[in-house]
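User: Can you walk me through the labels used for this model? I'd like each one set against its cut-off.

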Amino acid sequence: SAVTCLSWPAENIIVFGLAEGKVRLANTKNNKSSTIYGTDSYVVSLTSNVSGKGILSGHADGTIVRFFFDDEGSGESQGKLVMHPCPPYALAWASNSIVAAGCDKKIVAYGKEGNVIQTFDYSRDASEKEFTTAAASPSGQSVVIGSYDRLRVLNWSPRRSAWEEGKPKEIAHLYTITALAWKRDGSRICAGTLCGGVEQFDCCLRRSIYKNKFEMTYVGPSQVIVKNLSTGSRVVLKSQYGYEIDEWKIVGEDRYLVAHTSDTLLLGDINSNKLSEVAWQGSGGNEKFFFDNENVCMIFNAGELTLVEYGSNDILGSVRTEFMNPHLVSVRINERRQRGVEENKRLAYLIDIKTIATVDLVGGYNTGTISHDSKIDWLELNETGHKLLFRDKKMRVRQ
């Protein structure tokens with residue numbers, strides 16, 4: 001039967017809904033299709049979650065059905081989720097809720113198990129027509145809903161844990177908006193209209209120039225696009241937990257990004273495009289960052305050294321030390337491949353001014369301590385982390 005809607009949530013998976021009520025999956029690897037689930041009601045809308053591992057289908061009888069290819073450990077239920085008051089032609093799955101709208105001129109935000117969180121009612125607005133399509137931004141922080149001559153925008157406020165309505169975009173003679181699609185970095189949205197027009201809109205909250213070298217484009221509270229004006233390269237700085245980015249800076253000879261949110265710390269290497277987000281409780285901005293190592297950021301705070309490997313969202317290691325000089329810390333991360341060793345990550349640091357400790361960061365255990373009779377002022381591990389060179393105040397070098 002007729003294909004009524006279509007979504008492409010993952011690389012080799014195309015999902016489409018049929019007039020007879022079935023939702024089917026087309027595998028682009030083997031060119032075969034199969035039915036995921038069937039209903040008795042015409043499929044009016046399809047959408048996927050931010051990761052592309054779950055889909056929602058809206059049906060003519062008002063039913064919204066959820067299906068996961070992988071629930072990613074969320075434990076959320078599958079099957080019939082909501083009975084919307086009208087056919088949910090406008091359906092979007094944002095990071096914190098599901099947004100549905102249709103011919104009753106009401107936008108409803110549902111929780112993860114179908115409970116109503118918020119309702120925006122425009123049924124008494126004579127200038128508003130039925131809602132025809134909706135799309136969530138790639139970050140899941142914004143939803144745009146299309147109707148006749150108008151785009152309405154909802155933005156998620158992490159601080160209030162609620163949707164806030166932005167200023168609607170009204171364009172005379174645009175007619176009914178029938179399709180919406182976001183650019184993958186969230187900076188633009190395209191709208192298709194009943195009359196065959198395609199309109200492109202800039203979606204950034206604001207832009208700024210940093211040190212006359214970088215253009216910062218804020219596409220949401222938790223996402224900033226950093227563009228190098230000289231090379232044209234771009235990095236998307238984004239909180240994957242949806243936290244609002246409070247402050248950020250570019251340091252280390254304009255190579256490294258550092259940003260704070262209420263509960264996390266974001267770090268990134270602009271050259272390699274490796275980004276990390278680790279849990280971090282605010283310490284009043286007293287941290288000291290060192291970027292001497294290309295693979296690891298060293299953070300000193302209140303007598304504790306924390307290591308974050310670029311590209312990893314887990315803290316690599318944390319030790320107590322009072323010595324904040326990067327010449328008194330040596331970290332080696334997989335710098336020379338060894339036969340039979342997949343991961344080789346080693347740390348050497350000072351316990352006190354005359355004692356060196358070495359740590360296996362993969363296993364998280366101490367591999368040894370070295371006591372010396374004079375104050376140590378420099379140390380370095382070799383590439384494999386199995387040999388240590390250090391120097392004392394008397395300019396004597398030891399191995």
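Labels and cut-offs

User: Why is Cys297 called buried or exposed, whichever applies?
Analyst: First, the ground rules: this is a predicted model, where local features need pLDDT of at least 70, side-chain atom pairs count only at pLDDT 80 or more, and totals for chains, interfaces and linings use all residues. Residues are numbered from 1 along each chain as its sequence is written, and side-chain values use heavy atoms, with hydrogens and water left out. Now, buried means under 20% relative accessible area, exposed over 50%, and partly exposed in between (1.4 Å probe, protein chains only). Cys297 has 0%, so buried is the word.

User: And what makes Cys190 partly exposed?
Analyst: Its relative accessibility is 29%, so Cys190 falls in the in-between class.

User: How many disulfides turn up?
Analyst: Zero, searching the whole structure. A disulfide would be a pair of cysteine sulfur atoms within 2.5 Å.

User: What makes the Ser137 side chain and Gln141 a polar contact?
Analyst: A polar atom of the Ser137 side chain lies 3.3 Å from the backbone nitrogen of Gln141. The cut-off is N or O atoms within 3.5 Å; within protein, one must be able to donate a hydrogen and the other to accept it, and residues adjacent in sequence count only if both atoms are side-chain atoms. Ser137 is also buried, at 6%.

User: How do you know that β11 and β12 pair?
Analyst: Pairing takes at least two DSSP bridges between two strands. β11 (residues 106-110) and β12 have five, in the antiparallel sense. One of the matches puts Val108 opposite Thr119 in β12 as its bridge partner.

Methods: Helices (H or I, at least four residues) and strands (E, at least two) are DSSP runs, numbered from the N terminus.
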